[in-house]
Amino acid sequence: MENLTKKNDLSNYISEDNIVRNRELVSQLRGKVLTHEVFLHPILSEIENIYDIPLSTACSIHCDYRHAIVQVFTDALLAASLASHQLETLYKLPAGAKMIPRFLLAPNILDEFGLKVHNSSLVGSVNYAHYPLFEEVMNIFSENEQETSTISQELRAFLEHNYNNYANIIALLAVVELQVICFTPVLEKIIRKYSPLEQLNYYSVHGSSSDNNKSACDDEHEDALWDSLALIIDQIDINELIKITNTYLNLWNDFWFKQLSNLSFSKQIKFIA
């Protein structure tokens with residue numbers, strides 16, 4: 001939003017005073033999100049001590065992750081873009097305001113679809129879309145795919161339940177981006193020994209833009225989501241939004257404890273053997 005305001009693109013929609021105040025509210029919400037225990041989850045350190053992960057365990061974890069978020073992430077992004085009509089119908093911002101979050105979300109959507117801007121043109125392929133890239137990883141498991149866990153199903157259902165609420169889905173997607181940055185290295189570590197690098201392109205497009213080893217910008221996508229929320233955060237119950245994001249973070253915390261349990265069990269079986 002900061003780049004937009006420099007060009008006065010928001011002058012017809014929201015006052016500068018509101019922008020400053022709302023950004024501060026968003027900053028407070030983001031701060032609460034970042035202090036959640038999931039971002040200090042023990043799997044983040046334990047994964048470095050777990051070797052020879054059985055293929056069946058790696059498969060189970062990836063099946064869970066695919067169901068929880070990979071299969072529905074673009075659905076959620078598009079739902080957020082559609083729900084932005086609420087800026088005008090529910091939050092009573094001037095006509096055209098819905099285009100601001102749609103503009104801000106566009107790079108994330110294009111990235112997910114496998115498109116990049118190069119020399120003022122869109123280039124890419126659906127084969128580089130993030131969901132198909134994850135399916136390339138899943139091909140490693142061949143016919144060994146497993147049932148998804150209850151916690152994976154709960155995570156997916158919680159996100160889907162909020163598709164029609166602009167504030168909620170925007171905030172939850174921002175949480176997802178933070179989760180992706182933090183935990184993608186865990187997934188990559190789990191599967192690394194089973195596949196050549198060229199089959200793991202999914203991991204090369206996830207992470208922070210500061211990582212020169214990746215072609216990723218999830219931190220920039222996260223910023224765009226928070227900016228989209230800043231348009232109307234002064235009109236919503238911030239405590240309710242904190243409760244919703246905290247519930248989602250708790251589910252992710254439980255999700256990673258489930259995966260750590262799977263890894264620890266596999267490690268124990270190997271030690272006994």
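Helix axes are here lines fitted to C-alpha atoms over the stretch in contact, and the angle between two of them is taken between their N-to-C directions, from 0 to 180 degrees. With that in mind, the present structure, a predicted model, can be approached through one pair of its helices.

The chain contains 13 helices and two strands. Of its 273 residues, 49% count as buried. Among contacts with a separation of 6 or more, 79% are accounted for by residues 24 or more positions apart.

One helix pair joins two such separated parts of the sequence: helix H4, residues 55-68, and helix H9, residues 150-161, have axes that come within 8 Å and cross at roughly 15°. Angles under 35 degrees count as roughly parallel, and H4 and H9 are therefore roughly parallel to each other. Their crossing is right-handed. On the H4 side, the contact is made by Asp-64, His-67 and Ala-68, and on the H9 side by Ser-152, Gln-153, Leu-155 and Arg-156. Sorted by class, this contact of H4 with H9 comprises two nonpolar, three polar and two charged residues.

The cysteines form a separate topic. Zero disulfides are found in a search of the whole structure. For Cys-63, the closest cysteine sulfur is that of Cys-59, at 3.9 Å. A disulfide requires the two sulfur atoms to lie within 2.5 Å, so the sulfur of Cys-59 is too far from that of Cys-63 for a bond. Cys-63 counts as buried because its relative accessibility is 3%. Cys-217 is also buried, with a relative accessible area of 17%, the cut-off for this class being under 20%.

Terms used: Residues numbered from 1 in each chain as written. Predicted model: local features only at pLDDT ≥ 70, side-chain atom pairs only at ≥ 80, totals over all residues. Heavy atoms only, no water. Helix = DSSP H or I, 4+ residues; strand = E, 2+ residues; numbered from the N terminus. Parallel < 35°, antiparallel > 145°, perpendicular 65-115°, else oblique. Left-handed = near helix turned anticlockwise from the far one by under 90°. Contact = heavy atoms within 4.5 Å. Nonpolar A, V, L, I, M, F, W, Y, C, P; charged D, E, K, R; others polar. Buried < 20%, exposed > 50% of the residue type's maximum accessible area, 1.4 Å probe, protein only.
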